[in-house]
Amino acid sequence: MEETDETETPKSTASQLSESEEKRNDKRKTLTKMEILAQLVLFLVAGYETTATTLHFIIYVLAQYPDIQDKLRDEVKEIFGDSGKDEIEFEDLSKLIYMNAVINETLRIFPPATRLVRLCQKETEIQGIKFAKDSSFTAPIYAIHHNPEIYENQEEFIPERFLPDEIAARHPMAFLPFGAGPRSCLGMRFAEYEIRVTLTWLIKSFKFLPADEKLPWPVELGMGGGLLKSKHELKCKIVKL
Ligand code: HEM
């Protein structure tokens, strides 16, 4: 691994990737231009729409559940003060236990990626069943997240399911919004904190109320661009605090 000088200006992902293209000429194994482009597009697609859709669902849910919204605002006020600090410190974001629970309950009910696909790299035997090389597997995230044997009253929005003791009592694979294993989501931590920062600002500044037009709950869902989406426009009223 190359040593980096911490006084140097940080390089952008694009410039690091394109340096990699230059080193390719040194006969080292590096990325081609096409691979660089593919990575940049992947970051945009995987990083933008997933986070935006999640925030969209969170705001809609908060408008439907005023008690949860109030509780969330109380937590934000407790950590950031009533008038609100101008700066949001990273350490403070880690204290938002209830907000984390609200985000995770949203990702449980509305996981942007509804399934994971894996290929078997070599012949494998699991519990007496043989799987040939190149067999394809699907991990049904949506079905796992909505399994009543794992989550009682699975269609109800209950953030308390994601308080630390409740999480510890469940199988780690019962919640997979970011996938699992070596190919799990590269942007998971970034996404978690990006959502917390955005939600902190929103909840401090606005109140979310249901729109006049009522939609049924559970929300009717479909797929769009490979991600889980609502079939109908999710609207709410926004009041400045
Ligand atoms: C709520 C937000 C997000 C969700 C729910 C999400 C979900 C996922 C899922 C389910 C996977 C597949 C994991 C697997 O196969 O095990 C994935 C992969 C990936 N995600 Fe995310 N993601 C989110 C945000 C982001 C962000 C913000 C970025 C980048 C800035 C990002 C970058 C990636 C990349 C690069 C991969 C491919 C990893 C690989 O193939 O090794 N994601 N994401």
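# Getting to know the ligand's surroundings

Q: Which helices and which strand each supply at least two residues of the shell around the ligand?
A: First, this is a predicted model: local features need pLDDT of at least 70, side-chain atom pairs count only at pLDDT 80 or more, and totals for chains, interfaces and linings use all residues. Residues are numbered from 1 along each chain as its sequence is written, and side-chain values use heavy atoms, with hydrogens and water left out. Helices (H or I, at least four residues) and strands (E, at least two) are DSSP runs, numbered from the N terminus. The elements you're after are helix H2 (33-64), strand E1 (116-119) and helix H8 (188-205).

Q: Which element gives the largest share of the shell around the ligand?
A: A residue counts as near the ligand if one of its heavy atoms lies within 4 Å of it, and 22 residues surround the ligand. Seven of the shell residues come from the element with the largest share, H2.

Q: How many residues of each class does the shell have?
A: Ala, Val, Leu, Ile, Met, Phe, Trp, Tyr, Cys and Pro count as nonpolar, Asp, Glu, Lys and Arg as charged, and the others, Gly among them, as polar. Sorted that way, the shell has 13 nonpolar, seven polar and two charged residues.

Q: Which protein residue is the single donor to the ligand's iron atom?
A: Donors are N, O and S atoms within 2.8 Å of the metal (3.2 Å for Na, K and Ca), and since water is not among the atoms, sites may look incomplete. Here the donor is an SG atom, 2.3 Å away from the iron. Its residue lies in the loop between helix H7 (164-168) and H8. The donor residue is Cys-185.

Q: How far is a polar side-chain atom of Arg-118 from an oxygen atom of the ligand?
A: A polar contact with the ligand is a pair of N or O atoms within 3.5 Å. For comparison, a backbone N or O atom of Ala-180 lies 3.2 Å from a ligand oxygen, and one of Ala-46 lies 3.4 Å from a ligand nitrogen. For the Arg-118 side chain, the distance is 2.6 Å.

Q: How far apart are the end C-alpha atoms of residues 36-63?
A: UniProt, in an unreviewed entry, places a "transmembrane region" at these residues; its positions follow the numbering used here, feature names are shortened, and annotations may be inferred rather than shown by experiment. The span is 100% helix and 0% strand, and its end C-alpha atoms lie apart by 41 Å.

Q: Which proline follows a cis peptide bond from Trp-217?
A: Most peptide bonds are trans. This one has omega near 0°, and the proline is in the loop between strand E5 (206-210) and strand E6 (221-224). The residue is Pro-218.

Technical notes:
Polar contact = N/O pair within 3.5 Å; in protein donor to acceptor, adjacent residues only side chain to side chain.
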